[in-house]
Amino acid sequence: MGKDKVVILVIVTIVFSAILFGILMAYKTYYSPMKVYDSIDETVDMLKNANENEHFRMEMLSMFNNLSRSRKMKDYKTGEVRKFTKEEMNEFYTAIGGKEAIIKYLSNIEDKEKQREELEYACYDLKIITSDELANIEK
Amino acid sequence: MKRCVFILKYFIYYVIGFFSFSTIAFITQRITISILLKNAIYPSQDLYNLLNYALAYGLYYLLAYSILYFIIVFCVRKHDKRIVNELNEKLESINNKNSLGDDENGKR
């Protein structure tokens, strides 16, 4: 094997390894436990009492979506990790009221300016509704 | 002096390789995450958060690339040594043939 072939082989190895590593890192990030800065119990209480305020409910649904990937929560300060069962996750979802409750809230905002702001916040920042749903509600 | 040039050469290869590796891996990571989350990619947002990403994942990238680099260097050097050995063996066999030919012709 000539010198040129060795160079090409090294470049190809680096490129393929980088692609593979990028995919692995993406999966690691996606399935890693959700980090919480308050204690785990406080966060669980927040999730269970999400229906007090409509705006807060949206934020909790975003948090629920993050949590549902790994079903694990990690305390940032103590490093404690807690895994939640499917029943507990269903309990959180029911407490939040699900995506339907959010869509209902967003559809019923009468102030058009506020509705626009809330829709953009839900779609682009919290990523709890898709751009198609945003367009449907705005109609 | 030769040793310094040798180390500098390997260091430059390492730095160039690291930047290429990180760029490709980061782009792949962002694309895969966007597919998994079913979100659109916002390059301007990613560039804005580049420092945060570098702090969060930089160490993993450095570690993975360093391991890969040393494996590559090890393999290439081994390959070089094998080629040099093969060439030496060939040279030796040619020398042996020549000396045998000389003996047969009575030149010695």
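**Two chains, element by element**

User: In which strand of chain A does Val81(A) lie?
Analyst: This is a predicted model. The strand covers residues 81-83 of chain A. Val81(A) lies in β3.

User: Is Val81(A) buried or exposed?
Analyst: Count the C-beta atoms around Val81(A). There are 12 others within 10 Å. A residue with 12 or fewer is exposed. Because its count is 12, Val81(A) is exposed.

User: Which residues does Val81(A) touch, leaving out those up to four places away in sequence?
Analyst: Contact here needs C-beta atoms within 7 Å. With sequence neighbours up to four places away left out, three names remain for Val81(A): Pro33(A), Lys72(A) and Lys74(A).

User: What distance separates the C-alpha atoms of Val81(A) and Lys35(A)?
Analyst: Along the chain, Val81(A) and Lys35(A) are 46 residues apart. In space, their C-alpha atoms are separated by 9.1 Å.

User: What share of the contacts in chain A with a separation of 6 or more comes from residues 24 or more positions apart?
Analyst: The base is the set of contacts in chain A with a separation of 6 or more. Within that set, residues 24 or more positions apart account for 66%.

User: What is the order of elements in chain A, from the N terminus on?
Analyst: Chain A has seven helices and three strands. From the N terminus on, they run α-β-α-α-β-β-α-α-α-α.

User: What radius of gyration does chain A have?
Analyst: Along its principal axes, the C-alpha trace of chain A spans about 70 × 40 × 25 Å. A compact globule of 139 residues would have a radius of gyration near 14 Å. Chain A has 21 Å.

User: How many Å separate the centres of the two domains of chain A, domain 1 and domain 2?
Analyst: Domain 1 of chain A takes residues 1-31, and domain 2 takes 34-138. The centres are taken over C-alpha atoms. They are separated by 37 Å.

User: Where is Arg71(A), and what is its phi?
Analyst: Most residues other than glycine have a negative phi. Arg71(A) is not a glycine, yet its phi is positive. It is partly exposed, with 16 other C-beta atoms within 10 Å. Arg71(A) sits in the loop between α3 (54-70) and β2 (72-75) of chain A, with phi near 55°.

User: Is Lys127(A) buried, partly exposed or exposed?
Analyst: Lys127(A) is in the loop between α6 (112-125) and α7 (131-138) of chain A. Its phi is positive, about 55°, although it is not a glycine. Inside 10 Å it has 15 C-beta neighbours, so Lys127(A) counts as partly exposed.

User: Why is chain B more spread out than a compact globule?
Analyst: Chain B follows the pattern α-α-α, with zero strands. Its C-alpha atoms fill a box of roughly 85 × 35 × 20 Å, taken along the principal axes. For 108 residues the globule rule gives 13 Å, so chain B is more spread out because its radius of gyration is well over that, at 26 Å.

User: What percentage of the residues in chain B is buried?
Analyst: Buried means 20 or more other C-beta atoms within 10 Å. Chain B has 108 residues. The buried part makes up 7%.

User: Which element gives the largest share of the side of chain B that touches chain A?
Analyst: The contact takes 20 residues from chain B and 16 residues from chain A. On the chain B side, α1 (2-37) and α3 (50-104) give two or more residues. That side divides into 13 nonpolar, seven polar and no charged residues. The largest share, twelve residues, comes from α1(B).

Notes: Residues numbered from 1 in each chain as written. Chains lettered and ligands numbered in written order. Predicted model: local features only at pLDDT ≥ 70, side-chain atom pairs only at ≥ 80, totals over all residues. Helix = DSSP H or I, 4+ residues; strand = E, 2+ residues; numbered from the N terminus. Contact = placed C-beta atoms within 7 Å. Nonpolar A, V, L, I, M, F, W, Y, C, P; charged D, E, K, R; others polar. Rg over C-alpha atoms; globule rule 2.2 N^0.38 Å. Domains from an automatic or database assignment.
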